[in-house]
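I am opening a fresh notebook page for this structure. My notes follow in the order I looked things up.

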Amino acid sequence: DRIAQQTARLQKLIVDLRWLTELDEGSIEQAPVDLNDVLAEAIMLAQDGTKYAERQVTLNVQQTPWPLSHVLGDRELLVVAFRNLLENSFKYTADGDRVEIRALENGHQAMIEVADSGHGIAAAEQELIFENLYRGQDARDIPGRGLGLPLVQQIVILHGGQISVRSRPQTGTVFTVWLPLAP
């Protein structure tokens, strides 16, 4: 079991490093992407075959007065970004904590929040978490490589978007992603 776990970890590390290398080239596919589908798939993948399979995620996507519009970009990369955000929420929360995804638009941009009621991130570390290989003080005893959030940030930027974090220690964290809507 330990060998299988280590092999899976190394495979994920190789995939993340490959993504970071490819994203440095700066070119991504540009097609209309349905964020509803992206978020549903990200939830499924973050839970599938992991110890987080039983975690409940609340998904609240704008339906009124109209459904969430499409964004322009690379569907696969967006799934990777939101899957990483969800996996982080799962890692830093306990079984009874809440994880929510909220998505809405303002006519020009989609705003997607991945929020949790986990242990939070210290204020001094919130800007550092997007640096390659950075691991916060409270995160060092939790499995990870320090590549997930830099990868997410790179994907969001390549889609013409922005990402930010708000967090309160011992209360929770909210990652907010803004993506331009497809014309």
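Is the crossing of H2 and H3 left-handed or right-handed? I found it right-handed; the near helix is then turned clockwise from the far one by less than a right angle, whereas anticlockwise would be left-handed.

Before going on, I noted that this is a predicted model, where local features need pLDDT of at least 70, side-chain atom pairs count only at pLDDT 80 or more, and totals for chains, interfaces and linings use all residues. Residues are numbered from 1 along each chain as its sequence is written, and side-chain values use heavy atoms, without hydrogens and water.

**Helix pair.** I looked up H2 (residues 35-47) and H3 (residues 75-91), whose axes come within 8 Å and cross at roughly 50 degrees. That makes H2 oblique to H3 (neither under 35, over 145, nor 65 to 115 degrees). By class, their contact has 11 nonpolar, 1 polar and 5 charged residues. Among those meeting are Leu-39 and Ile-43 in H2, and Leu-78 and Phe-82 in H3 (contact means heavy atoms within 4.5 Å).

**Thr-173.** I placed Thr-173 in strand E7, residues 172-180. Thr-173 is buried at 4% relative accessible area (buried is under 20%, exposed over 50%, partly exposed in between, with a 1.4 Å probe and protein chains only). Its neighbours by touch include Val-114, Ile-121 and Val-165.

**Leu-72.** I placed Leu-72 in strand E3, residues 71-73. Leu-72 is partly exposed, at 30% relative accessibility. Its C-alpha atom is separated by 4.6 Å from that of Pro-32, 40 residues apart along the chain. Leu-72 also touches Pro-32, and its other contacts include His-159 and Pro-180.

Definitions and conventions
Helix = DSSP H or I, 4+ residues; strand = E, 2+ residues; numbered from the N terminus. Axes fitted to C-alpha atoms, helices over the stretch in contact; angles between N-to-C directions. Nonpolar A, V, L, I, M, F, W, Y, C, P; charged D, E, K, R; others polar. Lists of a residue's contacts leave out its neighbours within four places in sequence.
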